[in-house]
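Hi,

Here is the structure I promised to pass on. Have a look at it first, and my notes follow underneath.

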Amino acid sequence: MRFSHLLSQLSAVDASSDRDLAGDPDLSGANALDAAGSGELSFLEPGNALTAALSACGASALLLPADAELQRQASERGIAWVALKDPRLGFAEALEALHPRRRPSPGQHPSAVVDPSASIGTGVHLGAHVVIGAGSVVGDNCMLHPGAVLYEDVVLGEGCEVHAQAVLHPGSRVGRDCVIHSQAVIGSEGFGFVPTATGWHKMPQTGLVVLEDAVEVGCGSTVDRPSVGETRLGAGTKIDNLVHVGHGVVTGRGCALAAQVGIAGGARLGHGVILAGQVGVANRAVIGDRAIASSKSGIHGEVAAGEVVSGYPAIPNRLWLRCSAAFNKLPEMARSLRQLQNAQARETDGSGAPR
Amino acid sequence: MRFSHLLSQLSAVDASSDRDLAGDPDLSGANALDAAGSGELSFLEPGNALTAALSACGASALLLPADAELQRQASERGIAWVALKDPRLGFAEALEALHPRRRPSPGQHPSAVVDPSASIGTGVHLGAHVVIGAGSVVGDNCMLHPGAVLYEDVVLGEGCEVHAQAVLHPGSRVGRDCVIHSQAVIGSEGFGFVPTATGWHKMPQTGLVVLEDAVEVGCGSTVDRPSVGETRLGAGTKIDNLVHVGHGVVTGRGCALAAQVGIAGGARLGHGVILAGQVGVANRAVIGDRAIASSKSGIHGEVAAGEVVSGYPAIPNRLWLRCSAAFNKLPEMARSLRQLQNAQARETDGSGAPR
Amino acid sequence: MRFSHLLSQLSAVDASSDRDLAGDPDLSGANALDAAGSGELSFLEPGNALTAALSACGASALLLPADAELQRQASERGIAWVALKDPRLGFAEALEALHPRRRPSPGQHPSAVVDPSASIGTGVHLGAHVVIGAGSVVGDNCMLHPGAVLYEDVVLGEGCEVHAQAVLHPGSRVGRDCVIHSQAVIGSEGFGFVPTATGWHKMPQTGLVVLEDAVEVGCGSTVDRPSVGETRLGAGTKIDNLVHVGHGVVTGRGCALAAQVGIAGGARLGHGVILAGQVGVANRAVIGDRAIASSKSGIHGEVAAGEVVSGYPAIPNRLWLRCSAAFNKLPEMARSLRQLQNAQARETDGSGAPR
């Protein structure tokens, strides 16, 4: 695809966008700046660590920020470029154009098992060995890959994609355009047991899980249903692999949970909360809008809107950075303290040494 | 269901239980205290954080503790109630009565694949695409949901439930009334490799996994078999989602392992051990009966029976709480220490300033 | 099997190996030193914690290190033995001989679904409900267990084993003799989203995953593909259960990643890197050859070749051990510091007390 043709498909490019077509190269793909070769597109963001790599860049075309010096360098090297406010977003659109998604054709594989009481929309693809339970509803244009299982009374909105071997338990409600990745489990029983003299007594988990529109749940991640009420993931929330979302958790819109995050039962997340990898959130914790937790932190209690927290128990990130730096000097501190104590002991030991 | 009829099904309610039927409302469901509306049951425990919510509670009926003031408030608001020693346990029983479990009917789906040498008990449900390997035994009244796989020589006791896509590897022995949740893997190869000059040499994992009666293994959790001997989970042990139990681990009865716990090979847990979310237990660690580890702690060596530990490396919880509080003051401590050092340096620098 | 016959199958045993056949016992199996009984083989390593158990050992035969005292004890107890340089490696070979692997017979189960454009090698076993997508290639002598799914254009080298319910996404390239355990997911979409004013915009993940020869990926582990380029696991790398390998990660040969490790996008690991359980590695971190991270550590930035690191943020293990020990004394340190401050305050408070 010619660079000019690609540009015509990027939402942020218009007639006024600065550019240098440099012969309008033919592009066959895209790559990272330090790996791109002839026929490949790449991009640079403001402040990108790879900026230095531009001087050795072998790409044929670049999406650049509004930076005259970078643009000059590209032109000098004969690399075609266009200037974008958000080159990364442009790169995402370019990848969509260069590598249009393969979409399995509508239809039901003969090995799929669909309960007669289920309702399947138009344009739906049901792959090999898919199972759709009684009363479940699959919206138009959904794609279910091999081995995906819907128990009874599951509702999938339009345009959802359910990857191979994912499982949705009874009563799960999934909005439009959601993606459930392989091995993810939606709507499984929450971990609720009452201690008794004879052991753990199961608390029935009669609630359900609601995924609002455009939610994505990563491979192997689990979203449990609660004993009563619902577990709810707000619209546009994206969840990475191997994340656990406990029973009764509610998140706002547009949260992002990185891999191996665990959220215990009843926690509440506001809109746009970002939790980095391996973060843990305790039962009934409350996290305000746009708060961010850095990797491995552990959150109890409350985090205010917009706060950035770290560590376990989590504290404000700036404080944590200073505390962590001090932690690494603890042996020194302990030694200094002992020296001071010894000095004081000598001063006050009554030995009569003149001062 | 009338409240009085529901009460007749709760094991802890008898003629002597205090109550106020308040018109004996008809109940259609149950909910949390702050969410319950008309026609719904809820409950309050002693010390429950939601106690204040009673004054605005919209529930039609309540399970209350032996607390005259709460009972008075409920009666005043016209809410039916009964007093129970353990309202939470009563609520669990009430949920069972209000939402009796759907049980798939016995029988084998035509798409299930059962080896001729396998033995299937009476009343067993085998869902779509279930696979039962050679020599495996499925006890009476087991339910296997779509896509569950038993390799060869697996034994499932009576009344087990295996959820969609769970996998049991060769030789696994499962007691009565166990629940294996979706994507869980039982009896997979332990992670054992011998370092050699030419790389890692696999240590064959010829042992097996034993789950005693009433064990529950959460979604995506893995219980590995050892090279020799067995991995064993004691009766009534409950495991949440995404937990890893390494080869040769042995637990006592009634343990509870929260989500994302990891237990390395050869560790030993006593009876009633509770590990909170994301806890890690090192190879060959030994944890005594009823010990508790708070979330994210990491255990090496030995934990005494009844101890509560926290942190990494785990230390007694009370000490850890004080250490963590002090950690947050490390920058201050470092500054104070420098001031003292400077003061001492001035005192001893021989500048001759009179004192 | 006679001990002498078993010895003939161990690569490290030759005519010159020290031994005492002690009647050449018949061996039916193997066990740990403290559990082995009559008819069982066991082993002892130099420095093994179980050395004391030799005095009560019930095994019929032992693999011992070059330790005359241990050999004398074994002979005295009438236990047959052979001396090996690496008894653990010998034990691995002995287990292979005593418990030869069951290999499912070649052939395709009638319920398997194989796209006509896929290419299946000779001697391949395709179990029940296996799915092979368009254009995929399965090398000779591969074994795919029930429910394993290959999307389109996956390549499996010769002699691979794919366990029940594992999933390989489009374009994944797997070398020879790899093992993909149950529920593992290879080649799933990396977690890449661009923040925009209207929410997260998906970055298409058009790259692919490459597993070199003899790689093993544990149950439920996920290896994501990147937006461009590849995610690559070096030959002989072994990955335990529930590990997340992010998009664009590259490892060298012979790495070992223990359970629940998480590696964020773009990190680089050298050869022979060992990460213990629950370790986290941040985006674009770089870890040198043979570096080791102890459990739960969190790595940012760079770790030098051969270094051993611990803690979060990870620091050299020796320093961390001292810092952790000091952490447990923080409350004492804080108290001592206050005492010194108070003493100084008394000295300098101008109260006129004679000095």
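The contact between chain C and chain A draws 48 residues from chain C and 47 residues from chain A. Keep in mind that this is a predicted model. On the chain C side, the elements that each give two or more residues are the strands β19 (185–189), β20 (193–196) and β21 (199–202), plus the helices α4 (317–327) and α5 (330–348). That side is made up of 26 nonpolar, 20 polar and 2 charged residues.

One residue to click on is Leu95(A), which sits in helix α3 (residues 87–98) of chain A. It touches Ala30(A) and, over in chain C, Pro204(C), Thr206(C) and Ser227(C), leaving aside residues up to four places away in sequence. Leu95(A) counts as buried because 22 other C-beta atoms lie within 10 Å, and the cut-off is 20 or more.

As for chain A itself, the domain assignment splits out domain 1 (3–98) and domain 2 (107–318). Their C-alpha centres are 37 Å apart. From Leu95(A) to Leu337(A) the C-alpha separation is 59 Å, with the two positions 242 residues apart along the chain.

Leu337(A) also turns up where α5(A) meets α5(B), together with Met333(A), Ser336(A), Leu340(A) and Ala343(A). The partners in α5(B) are Ala334(B), Leu337(B), Leu340(B), Gln341(B) and Gln344(B). By class, the residues of this contact are 7 nonpolar and 3 polar, with no charged ones. The two helix axes come within 11 Å and cross at roughly 40°, so α5(A) is oblique to α5(B). The crossing is left-handed.

Cheers

Conventions
Residues are numbered from 1 along each chain as its sequence is written. Chains are lettered from A and ligands numbered from 1 in the order in which they are written. This is a predicted model: local features need pLDDT of at least 70, side-chain atom pairs count only at pLDDT 80 or more; totals for chains, interfaces and linings use all residues. Two residues are in contact if their C-beta atoms, placed from the backbone, lie within 7 Å. Helices (H or I, at least four residues) and strands (E, at least two) are DSSP runs, numbered from the N terminus. Ala, Val, Leu, Ile, Met, Phe, Trp, Tyr, Cys and Pro count as nonpolar, Asp, Glu, Lys and Arg as charged, and the others, Gly among them, as polar. Domain bounds come from an automatic or database domain assignment. A residue is buried if 20 or more other C-beta atoms lie within 10 Å of its own, exposed if 12 or fewer, and partly exposed in between; C-beta atoms are placed from the backbone. Axes are lines fitted to C-alpha atoms, for helices over the stretch in contact, and angles run from 0 to 180 degrees between N-to-C directions. Angles under 35 degrees count as roughly parallel, over 145 as roughly antiparallel, 65 to 115 as roughly perpendicular and the rest as oblique. A crossing is left-handed if the near helix is turned anticlockwise from the far one by less than a right angle, and right-handed if clockwise.
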